[in-house]
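User: Please take a close look at one pocket of this protein and at the elements packed around its main contributor. A connected account would suit me better than a list.

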Amino acid sequence: MDFLNIKTVAGLLGDSRHCVLGISGGVDSMSLLTWVAANSRHLPCRITAFHVDHGIHPSSHAWAKFVADHCAQLGIQCVISKVSLEGLGNNLEYAARKARYKAFCSSGADTIMLAHHANDQCESFLMKLFRGSGVRGLKSMSAKTPCWYDENINVVRPMLGLTRSHIDAFARASDVRWMDDPSNSDNQYDRNYIRNVIWPTITDRFDIADINTLKSIEHLSEAWQLTNQFAQQDLQLVMLDGDMDWTKVRDLGYLRIKNLLLYILDSNNIYGFSINHVEQFSQGLIKADMDSRNELSLRGFCMRKIGKRIHVELSGRQAA
């Protein structure tokens, strides 16, 4: 049955030489694995299945063995990476995610392929919405983007246009085998609560909520592209010998200053900051005078106004 377009997936992989395919053992990633195994000769790079054993669940070793055995049956090389969450904080979801991406990015591959799909996209949108995210956050996941953990590695998501029902139909038709993670039913986790409680309630009332949410995400993505183009023009306007001219930045006005700062942060892969800090710094630049010394300091990023110049530093290297 029709599942993914080979040319589209090959295009996402682009000039990649080695791609690791993240496999959890669930129906989504096992369906993607099955499709890749059947079509690997048409794809432009070497693909290795990659399973991360977080060691959280007592059955994690059995899941790793299931993935490895299934990859052997499909003729796909498989790597099992056992990780430790020690020292990664008390938030289990965040710690597991950070450990997982660290393992992906340490694999030697230049591309990571993940099985995120349309329903995941809708869940991500709602999570960002409830956190008060702006356009950058609400546009959710992209089909291809630099990895947040290592910007030199791309993340591709060829299944973003597929709904859960489409994946389930493919799994049945292709006799895909998978394992269910019991933690997926634990509604103490925000994403599970959205998936198991909120989203079914929404779709019971609005039967094409997934389609229309995806349309809204596309509109937000277009809006983000447009604001980026606007910010690029403003950046050229305010440049002064490698720095920015504070007087020209000030004259842009609050909204354009905020948009310019968000563009600079995004261009340098700075994430996880409070938007309040950006807003306060933007307002401070308008209220400042020549003697004011304003600073926006985030993890790995610093922007300083000294006199007429605004200088950007990124963890000991120049900003992009």
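Analyst: In this predicted model, the second largest pocket holds about 300 Å³ of space. Its lining consists of 14 residues, and those nearest the centre are Gln-121, Met-141, Leu-160, Ile-217 and Glu-218. Sorted by class, the lining of this pocket has 6 nonpolar, 6 polar and 2 charged residues. Helix α9, which spans residues 209-238, gives the most to the lining, with 7 residues.

Helix α9 also packs against two other helices, α8 and α11. Helix α8 covers residues 190-205, and its axis comes within 9 Å of that of α9, with a crossing angle of roughly 105°. An angle of 65 to 115 degrees counts as roughly perpendicular, so α8 is roughly perpendicular to α9. On the α8 side the contact involves Trp-199, Ile-202 and Thr-203, which meet Ala-209, Asp-210 and Thr-213 of α9. The residues of this contact divide into 3 nonpolar, 2 polar and 1 charged.

The other partner, helix α11, runs over residues 254-267; its axis lies 9 Å from that of α9, and the two pack at an angle of about 100°. Therefore α9 is roughly perpendicular to α11 as well. From α9, the contributors to this contact include Trp-224, Phe-230, Leu-235 and Val-238, while those from α11 include Arg-256, Leu-260, Tyr-263 and Asp-266. By class, the contact of α9 with α11 has 10 nonpolar, 4 polar and 3 charged residues.

Apart from these helices, the model has an open sheet of 6 strands in the order β3-β2-β1-β4-β6-β5, with mixed pairing. Strands β3 (78-82) and β5 (144-146) are its edges, each pairing on one side only. From one strand to the next, the twist averages 30°. Strand β2 (residues 46-53) runs parallel to β3 and is joined to that strand by 5 bridges. Within the pair, Asp-53 stands opposite Lys-82 of β3.

Helices pack on this sheet too. Helix α1 (residues 6-13) touches β1 (18-22), β2, β4 (111-113), β5 and β6 (154-156), and its direction makes about 145° with that of β4. Helix α3 (residues 60-74) touches β2 and β3, with its direction at about 165° to that of β2.

Key. Residues are numbered from 1 along each chain as its sequence is written. This is a predicted model: local features need pLDDT of at least 70, side-chain atom pairs count only at pLDDT 80 or more; totals for chains, interfaces and linings use all residues. Side-chain values use heavy atoms; hydrogens and water are left out. On a 1 Å grid over the protein atoms alone, a cavity is a set of points where a 1.4 Å probe fits but cannot get out, and a pocket is an open set with protein on both sides within 12 Å along at least five of seven lines; lining residues have an atom within 4 Å of a point. Grid points are joined across faces, edges and corners, and a volume is the space filled by probe spheres set on the points. Helices (H or I, at least four residues) and strands (E, at least two) are DSSP runs, numbered from the N terminus. Ala, Val, Leu, Ile, Met, Phe, Trp, Tyr, Cys and Pro count as nonpolar, Asp, Glu, Lys and Arg as charged, and the others, Gly among them, as polar. Two strands pair if DSSP finds at least two bridges between them. Axes are lines fitted to C-alpha atoms, for helices over the stretch in contact, and angles run from 0 to 180 degrees between N-to-C directions. Contact means heavy atoms within 4.5 Å. Angles under 35 degrees count as roughly parallel, over 145 as roughly antiparallel, 65 to 115 as roughly perpendicular and the rest as oblique.
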